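The exercises below introduce a single protein chain to a reader who has not met it before. Each task is followed by a solution that proceeds step by step.

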Amino acid sequence: MANKKVAIIASSPGLETAYKALNIATAAAALDAEVAIFFTFEGLSIIHKDAEQMLKLRPGNEGLAEGFKKVNVPTVPQLLDMAKESGVRMIACQMTVDVMGLEKDHFIDGVELGGAAAFLDFAFDAQVTLNF
């Protein structure tokens with residue numbers, strides 16, 4: 001399929017959301033798809049410079065941390081680096097950034113600020129759209 005596109009919205013908190021969104025994004029990029037992730041509301045914590053302190057497992061899921069280590073799952077910072085290296089577009093929702101009193105320098109390098117229209121422009125042509 002030519003011009004494969006995957007559009008992902010990351011709006012939920014937690015380490016689980018980070019792994020879901022970044023795993024799909026990096027896998028899709030590895031399959032030569034164009035990928036964009038729109039981070040909004042609590043999902044902004046995934047791309048925040050303090051993500052490692054902000055992202056926690058949900059109660060009852062603490063055992064996953066050992067499982068991630070046991071099977072050598074990359075860390076969130078490693079997955080973010082992989083995503084950037086693979087050309088995944090990471091878009092922080094401008095409205096949410098403004099509402100939460102955040103600024104571009106709160107986020108890791110490679111994140112662009114954009115409104116919903118910027119993401120939708122990409123998503124209109126996506127074959128796969130996911131929300132986490």
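## Exercise 1: A salt bridge between D125 and K5

D125 and K5 form a salt bridge, in which the closest N and O atoms are 4.0 Å apart. The model is a predicted one. Determine which parts of the chain this pair ties together, and establish whether K5 is buried or exposed.

*Solution.*

Step 1. Locate the two residues. D125 is found in the loop between α6 (116–123) and β5 (128–131), while K5 belongs to strand β1 (residues 5–10).

Step 2. Consider the separation along the chain. The pair ties together parts that lie 120 residues apart in sequence, because one partner is in that loop and the other in strand β1.

Step 3. Compare each accessibility with the cut-offs. Buried means under 20% relative accessible area, exposed means over 50%, and partly exposed is in between. K5 has a relative accessibility of 14%, so K5 counts as buried. D125 has a relative accessible area of 47% and is therefore partly exposed.

## Exercise 2: The other salt bridges

A search of the whole structure finds 3 salt bridges. Describe the bridge between D81 and K84 and the bridge between R89 and E112, giving the location of each partner.

*Solution.*

Step 1. Recall the general principle. Side chains of opposite charge can pair when their charged atoms come close.

Step 2. Examine D81 and K84. Their side chains meet in a salt bridge with an N to O distance of 3.8 Å. Both residues lie in helix α4, 3 residues apart, which is about one turn of the helix. D81 is partly exposed, as its relative accessible area is 38%. K84 is likewise partly exposed, with a value of 32%.

Step 3. Examine R89 and E112. The N to O distance in this salt bridge is 2.9 Å. The pair links distant parts of the chain, with R89 in strand β3 (residues 89–93) and E112 in strand β4, 23 residues apart. R89 has a relative accessible area of 30% and is partly exposed. E112, at 29% relative accessibility, also counts as partly exposed.

## Exercise 3: The largest pocket

State the volume of the largest pocket. Then identify which elements contribute to its lining and how the lining residues divide by chemical character.

*Solution.*

Step 1. Begin with the volume. The largest pocket has a volume of about 260 Å³.

Step 2. Identify the lining. It is made by 13 residues, and those nearest the centre of the pocket are L15, Y19, E52, T75 and V76. Two or more lining residues come from each of α1 (15–30), α2 (51–54), α3 (63–70) and α4 (76–85). The element that gives the most is α3, with 3 residues.

Step 3. Classify the residues. The lining of the largest pocket consists of 10 nonpolar, 1 polar and 2 charged residues.

## Exercise 4: A nonpolar patch and positive phi angles

Name the residues that make the nonpolar surface patch of about 430 Å². Next, describe the backbone of F41 and that of D32.

*Solution.*

Step 1. List the members of the patch. They are F41, M95, V99 and M100.

Step 2. Place two of these members. M100 is in the loop between α5 (94–99) and β4 (111–114), and its relative accessible area of 44% makes it partly exposed. F41 is in the loop between β2 and α2. At 44% relative accessibility, F41 counts as partly exposed.

Step 3. Turn to the phi angles. F41 is not a glycine, yet it has a positive phi of about 45°. D32, also a residue other than glycine, has a positive phi near 65°. D32 lies in the loop between α1 and β2 (34–39). With a relative accessible area of 65%, D32 is exposed.

## Exercise 5: Sequence separation and distance in space

For C93 and L44, and for G114 and N3, state how far apart the residues are along the chain and in space.

*Solution.*

Step 1. Take C93, a residue of strand β3. C93 is buried, at 6% relative accessibility. C93 and L44 are 49 residues apart in sequence, and their C-alpha atoms are 8.1 Å apart.

Step 2. Take G114, which is in strand β4. G114 is buried, with a relative accessible area of 9%. G114 and N3 are 111 residues apart along the chain, and their C-alpha atoms are separated by 22 Å.

Definitions and conventions
Residues are numbered from 1 along each chain as its sequence is written. This is a predicted model: local features need pLDDT of at least 70, side-chain atom pairs count only at pLDDT 80 or more; totals for chains, interfaces and linings use all residues. Side-chain values use heavy atoms; hydrogens and water are left out. On a 1 Å grid over the protein atoms alone, a cavity is a set of points where a 1.4 Å probe fits but cannot get out, and a pocket is an open set with protein on both sides within 12 Å along at least five of seven lines; lining residues have an atom within 4 Å of a point. Grid points are joined across faces, edges and corners, and a volume is the space filled by probe spheres set on the points. Helices (H or I, at least four residues) and strands (E, at least two) are DSSP runs, numbered from the N terminus. Ala, Val, Leu, Ile, Met, Phe, Trp, Tyr, Cys and Pro count as nonpolar, Asp, Glu, Lys and Arg as charged, and the others, Gly among them, as polar. Patches are made of residues with over 30% relative accessible area and no salt bridge: like charges are joined within 9 Å, nonpolar side chains (Val, Leu, Ile, Met, Phe, Trp, Tyr) within 5 Å. Accessible areas come from the Shrake-Rupley method with a 1.4 Å probe; for residues, only the protein chains shown count as cover. Buried means under 20% relative accessible area, exposed over 50%, partly exposed in between (1.4 Å probe, protein chains only).
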